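Okay, everyone, thanks for making time for this. I'll put the structure up, and then we can walk through it together.

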Amino acid sequence: MKAPKDGVPPAATAGGAAAVATADGTDGPGGRRARARERLAPPSWLAMLFLLPSLVVLGFLVVYPIVYSVIRSLFDASGDSFVGIDNYTGVFQGENNLIAVRNTAIWVVVAPTVTTILGLLFAVLTERIRWATVFKLVVFMPMAISLLASGIIFRLVYEQDPDKGVGNAVLVGVHDMFAGATRYPGAAPRGGGDQPVRAEGGGVVTAAPVQGGRSALLPLVRVRPENLPKDAKPAAQAPAARPGQITGTVWFDFTRGGGGTPNVPNAGETGLPGVTVEAVRDGKVVAKATTRADGTFTLRDVPSATVSVRLPADNFTAAYRGAEWLGDTLITPAIIASYLWVWSGFAMVLIAAGLAAIPRDALEAARVDGATEWQVFRRVTIPLLMPVLTVVLVTLVINVLKVFDLVFIIGGGDPNANVLALQMWTVSFGGGNDQGAGSAIAVLLFVLVLPAMLFNIRRLQQERR
Amino acid sequence: MTNGKAAGTRTEPGGATASGAAGAPRRGVASRIVGRLGGGFVQAMLVLIALFWLVPTIGLLVASLRSTQDNAASGWWTVFTRPTELTFGAYSALLEKDDFVDSFWNTIMITVPSTVLVVVIASLAAYAFAWMEFPGRDWLFLAVVALLVVPVQVALIPVAKLYGRVDVGGFTMFGSVTGVVLFHVAFGLPFAIFLLRNFFAAIPRDLLEAARMDGGSEWTIFRRVIFPLGGPAIASLGIFQFLWVWNDLLVALVFADTGSQPMTKWLQSQMRQFTGNIDILAPGAFLSLIVPLAVFFAFQRYFVQGVLAGSVK
């Protein structure tokens, strides 16, 4: 809880000092002091001198550029001929531009909202945790490092190969935990008639029905050597089945160097471990098992009637390789996720400070009136937090409109990731060389932050009053 | 329920290092929700979230400490089973590249002056806004607040044109360290003036008037009274500006050339081949983030103050 307590806004800190000073100060009856104040007040030309450096820099490098950009946006790429609002309508034409507009809209709607919600969640959850300081430092840390470094960090996370990118490594790990990791893509029954098994619907099924208490042989060929698990053992004959059971062997019916009888697990042939085996009756699965290291399996509690033994299709689909993070559809959500990683700490710290400032009495009063905790949170805490939440949201919207580095670095120029702020750089500096169109996008971004500007000014005027 | 609350106050991994929260327990709404949910569950979730925040950065660090071959062959997390393969090879190779070392110095040459200039120029203006009378003061300050949110993009093209015209005796502003610094100063000023004025305005009036009665000039008061008293605010502003400039990519991309480029721009130029260049990018990115990270951990309370002091650019 250290960060927010230390992080009192400077004004408030100094306000404390001011209160102390007034307490021991001697603010006597106004008249004399006011006159003294007037006499002592420095001349306004001196004030102008203090302001001069700021005004010169701001005038030349911020205010003049705004005016220039507005004018420049009305001219074509060469800057010679007046084109009216063509550059502005151009922003909404062409596939790449439209994707940039669409993505910017997604960013502005999704990123600030989710970041604020995460910040609120973290701030609330850490309120009574002992290691809150550590947690907050960890979550806040990305704010300190460059977006370029964050971009590189996430490029590494999003590497497609699950042996390199931690994102897909986790996805594949979780997936395999539930779905079984061993797969034999390409494996199939031997072709030709009169085989004990045949292919059916992507899976493999016994050609003849199997009676309970019997064994079944399920030979497969075309197993790729790289798919054979290291723990696979030589194929064994299925153990004898008791009544109500079906046993069997699933194996790679191929003897290295030739020889061996087809459809019999000969010496030198490998069992296929980890294959899902199902007993099916009238289209319904009645028993399920997984093969052991030597390829044998035992289906238990099989009804006495005949069933067919099936190896379902997902034994033979290619192994799960994780999500295509930087593919066409996921790229913008993936970059937004990296943005959440960077900015949630900001939201959390501001909201935690707001939470700490809520008077306990208000909450207690609501509780005394019999409100449940959820009602207190929903009807008292959230409304009291509203000003903070609004500031966080507005700040994030301004920030998101300007998002450049993350998209530039993680997106790596993929048009599917494009946003307006990046498009502005691309068309005017990054090869486009059309500063008319670039100016139009810049002015558009400026217009989009105008409501935030008014919000800031109004907030300031309210504080003054 | 009692069980859950007991779990909530149990010390967790990392709890030993926590300091502030160990004080008097507060019965906030949130804490009660936490209690209801079961402290153990919440703690486990927070541990998971913290891991989620840490793992990517750890990944970068570990990848930077592995050889090119190892990085190409397997994921960085395999070092936890084979820790012997770590090496500083990538770092020493990187530090032998002259253009990288140059870009490191450029980062410092850009960051330090930008920070100092913003602090000095903004303090002067903030003092005038807070303690001096002049016509149009409130309007001018409102204008500064309005400039807080102006996106950098709107100034890129005009300032590039402006810099292109400044060409004195072989020195061209465009592509120079000076140009980059000035741009950062300009876009740092509104926030700086806003932050400092609010702080200065809260300095006790009596202190100032006593100084004025004693015949101190405005310059003396500024130097002797305001600047020392404004310490905390100036510190948070300084750290903020430092991090902002150090971490910038876009401004450098537009205004710096290969001779004046900071680390971020140099690293960006190595991005074209991400997987192939990981032995440059990982240590480079880590070197570029280690300074901000050190500044952050050393001065985090000032940094947080800066964040809380108002909306960030």
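So, let's begin between the two chains: there are zero salt bridges between chain A and chain B. Before we go on, keep in mind that this is a predicted model. What about polar contacts, then? Between chain A and chain B we count eight residue pairs in polar contact, with both residues at pLDDT 80 or more.

Now look at who does the touching on chain A. Helix α4 of chain A, residues 44-72, gives the largest share of the side that touches chain B, with 20 residues. If you sort that side of chain A by class, you get 83 nonpolar, 19 polar and 19 charged residues.

And how many residues of each chain are in contact with the other? It's 121 residues of chain A and 135 residues of chain B. People often describe the size of an interface by the accessible area that is lost when the parts come together. Here, the area buried between chain A and chain B is about 11700 Å², and carbon and sulfur atoms give 75% of that.

Next up, the inside. As a general point, nonpolar side chains tend to be buried together in soluble globular proteins. In our model, the largest nonpolar core has 202 residues. Which residues have the most contacts inside that core? They are A:W107, B:Y127, B:F183, B:F200 and B:F255. Helix α10 of chain A, residues 331-356, supplies the largest share of this core, 16 residues.

Let's zoom in on B:F200 for a second. If you skip the neighbours within four places in sequence, B:F200 is in contact with seven residues you can click on: B:S123, B:A126, B:Y127, B:A130, B:W131, B:I226 and B:G230. There's also a second, separate core, with 25 residues, including A:V223, A:I246, A:L299 and A:V302.

Okay, salt bridges. Over all chains, the count comes to five. I'll show you three of them, starting with A:D253 and A:R190, whose side chains meet at 2.9 Å, N to O. This pair links distant parts of the chain, 63 residues apart. A:D253 sits in the loop between β4 and β5 of chain A, while A:R190 sits in the loop between α9 and β1 of chain A. Buried or partly exposed: where does A:D253 fall? It counts as buried, because its relative accessibility is 3%. A:R190, on the other hand, is partly exposed at 29%.

The next salt bridge joins A:E200 and A:R198, with the closest N and O atoms 2.8 Å apart. A:E200 is partly exposed, with a relative accessible area of 41%, and A:R198 is partly exposed too, at 40%.

Then there's A:R367 with A:E364, again a salt bridge, at 2.9 Å from N to O. Both lie in helix α11 of chain A, three residues apart, which is about one turn of the helix. A:R367 is buried, with a relative accessible area of 10%, whereas A:E364 counts as partly exposed at 33%.

Last stop, chain B. Find B:T78 in the loop between α4 and α5 of chain B. Its side chain makes a polar contact with the side chain of B:R66, at 3.3 Å. Leaving aside neighbours within four places in sequence, B:T78 is in contact with B:R66 and B:E85.

That's my tour, so go ahead and spin it around yourselves.

Conventions: Residues numbered from 1 in each chain as written. Chains lettered and ligands numbered in written order. Predicted model: local features only at pLDDT ≥ 70, side-chain atom pairs only at ≥ 80, totals over all residues. Heavy atoms only, no water. Helix = DSSP H or I, 4+ residues; strand = E, 2+ residues; numbered from the N terminus. Polar contact = N/O pair within 3.5 Å; in protein donor to acceptor, adjacent residues only side chain to side chain. Contact = heavy atoms within 4.5 Å. Buried area = accessible area lost by both parts, 1.4 Å probe. Salt bridge = Lys/Arg side-chain N within 4 Å of Asp/Glu carboxyl O. Nonpolar A, V, L, I, M, F, W, Y, C, P; charged D, E, K, R; others polar. Core = buried A, V, L, I, M, F, W, Y, C linked by side-chain atoms within 4.5 Å. Buried < 20%, exposed > 50% of the residue type's maximum accessible area, 1.4 Å probe, protein only.
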